[in-house]
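Student: I am new to this structure and should be grateful for a close look at a single part of it. Would you please take one helix and its aromatic surroundings and describe them step by step?

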Amino acid sequence: MRFLKVLLVLLFVGIAFTVKAQSSAELKRQRDVLTQQLEELNREYQTTANSKKTTLKQLRLLKEQISLREEKINNINSQVRNLDNQISESNNAVHNLQNQLDQLKKEYAAMVLFTYRNQSAYNKLMFIFASNDFNQAYKRLKYLQQIGSYRERQAEYIQETQTELHVKINDLDKSKKEKKNLLVDQEKEKATLGKEKNSQAEVVANLSQHEKQIKRQEEDVQRKITKIVREFNAAVRRDIEDARRKAEAKAAAAKANPGSNEAAPSRTRTITKNSTDSEVLNATPEAAKLSNDFLENRGQLPWPVTNGAVKQGFGIYYDSENIKNESFGWDIKTNPGASVRAVFQGTVTNIASISGTYLVVVQHGEYFTAYSNLRSIAVKDGEKVSTKQAVGTVATDSGTGEAVVTFLLYKGKTPVNPKIWLAPN
């Protein structure tokens with residue numbers, strides 16, 4: 001009966017340790033996975049951190065590292081709590097096994113003493129013959145036969161209990177060592193977590209500063225674009241007014257001298273104060289033909305750069321601060337120092353300097369194109385240019401290192417989307 005109790009105790013402890021061992025193994029597996037993920041994130045973060053500028057990606061990687069490290073620390077805490085439970089259960093198991101061992105030893109000692117006192121054959125016979133009847137004598141005989149084998153079994157129980165006790169004590173020592181190592185690892189992770197949070201604060205501060213710089217750059221670019229559009233519009237108005245004055249002067253001269261060549265209606269359109277801008281700009285056959293040729297090439301005009309991509313398109317857009325803006329042309333990103341060329345034949349009607357760069361305006365009958373953010377120019381005011389002729393080279397932003405040319409296309413005073421005019425890139 002007592003042996004059965006010992007077996008039940010050992011079985012219960014064994015099952016409990018099996019469950020805990022499985023839980024500990026799963027926690028360790030999770031910790032190993034977290035450690036591997038942290039190492040991969042750290043490598044990616046170091047690669048990003050070595051770049052010249054602090055990026056949002058760097059901040060994202062730091063946040064992921066901090067999150068994973070906190071998760072790893074929580075995992076370690078779970079393992080420590082699990083080990084505390086194992087240590088407590090191991091202590092209880094050791095205590096119970098020790099009590100069982102002590103009890104078995106006491107019983108074995110009493111049995112040895114009894115055997116010693118009754119080891120002579122005379123005493124054994126006296127024990128049997130002292131029976132009240134034959135049945136009792138038989139039982140006493142069987143008892144004497146069984147006591148030897150029982151003593152052997154008791155010795156085996158004591159040996160098994162001692163072995164199990166030794167195993168449990170070893171397991172307890174291992175759990176304590178594992179807990180100690182986990183606590184050391186936990187302290188390292190907490191120290192690293194503190195450093196990462198400090199790095200995060202620095203990255204946020206750098207990003208905030210960088211964001212302010214970008215904001216100032218965006219504002220500078222927006223002011224420059226506003227100047228470009230304003231200058232371009234002024235140039236177009238001047239060209240239209242100049243064309244109107246010249247056409248009116250020709251009309252007046254023709255009226256004063258009916259016999260002159262200026263009076264030929266097939267060559268020059270009559271311009272009045274009520275004439276539209278289109279009529280003014282197409283007053284001469286040459287201008288009308290140029291406008292018609294430009295129109296016929298809609299969708300086939302070459303790009304102002306041979307290698308470029310649209311950075312900002314035409315129309316309404318919202319900047320990084322969610323502020324509404326409007327673009328009247330295209331900002332085309334290209335290679336630094338790239339040549340900028342006229343998209344069609346025409347006449348250079350205006351060259352202006354804006355914030356250290358140049359703006360070139362070319363008239364194509366009633367159409368106008370503008371090429372802005374030029375570092376240098378290759379044409380002069382009043383010069384006739386051909387299709388794809390270089391008008392200058394693009395400037396490179398010293399802050400971003402980007403080379404962006406601003407391209408505008410107007411019909412008279414009205415901006416039009418370059419998308420429907422330029423050939424597919």
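**A helix and its aromatic neighbours**

Tutor: Let us begin with a charge and a ring: in this predicted model, Arg 298 lies over the face of Trp 421, at 5.7 Å from the ring centre. Trp 421 also belongs to an aromatic cluster, which it forms with Phe 294, Phe 344 and Tyr 367.

One member of that cluster, Phe 294, leads to the helix itself. Helix H6 has 12 residues, and the distance from its first C-alpha to its last is 16 Å, close to the 16 Å expected at 1.5 Å a residue. The buried residues of H6 are Ala 287, Leu 290, Ser 291, Asp 293 and Phe 294. Viewed down the helix axis, these buried residues fall within an arc of 165°, and therefore they line one face of H6. Lys 289 and Glu 296, by contrast, are exposed on the other side of the helix. As for the partners of the buried residues, they pack against helix H5 (277–281), strand E6 (346–354), strand E7 (357–364), and strands E8 and E11.

The aromatic rings may now be considered in turn. Across the whole structure, a search finds six aromatic pairs. One of them is formed by Phe 294 and Tyr 367, whose ring centres are 4.8 Å apart and whose planes make an angle of 25°, so that the pair counts as stacked, the limit for this class being under 30 degrees. Because Phe 294 lies in H6 (residues 285–296) and Tyr 367 in strand E8 (residues 367–377), the pair ties together parts that are 73 residues apart in sequence. Both partners are shielded by the criterion of accessible area: Phe 294 is buried, with a relative accessible area of 0%, and Tyr 367 is buried, with a value of 2%.

Strand E8 contributes to a further pair. Tyr 371 and Phe 407 form an aromatic pair that is tilted, with 5.6 Å from centre to centre and 50° between the planes. Tyr 371 lies in E8 and Phe 407 in strand E11 (residues 403–411), so this pair ties together parts that are 36 residues apart in sequence. Tyr 371 counts as buried, at 0% relative accessibility, and Phe 407 counts as buried at 0% as well.

Taken together, E8 is joined to H6 through the pair of Phe 294 and Tyr 367, and to E11 through the pair of Tyr 371 and Phe 407. Both E8 and E11 are also among the elements against which the buried residues of H6 pack.

Key. Residues numbered from 1 in each chain as written. Predicted model: local features only at pLDDT ≥ 70, side-chain atom pairs only at ≥ 80, totals over all residues. Heavy atoms only, no water. Phe/Tyr/Trp six-rings, centres within 6.5 Å; stacked < 30°, edge-to-face > 60°. Helix = DSSP H or I, 4+ residues; strand = E, 2+ residues; numbered from the N terminus. Buried < 20%, exposed > 50% of the residue type's maximum accessible area, 1.4 Å probe, protein only. Lys NZ or Arg CZ within 6 Å of the ring centre and 35° of its normal. Expected span 1.5 Å × (residues − 1). Arc of directions from axis to C-beta. Contact = heavy atoms within 4.5 Å.
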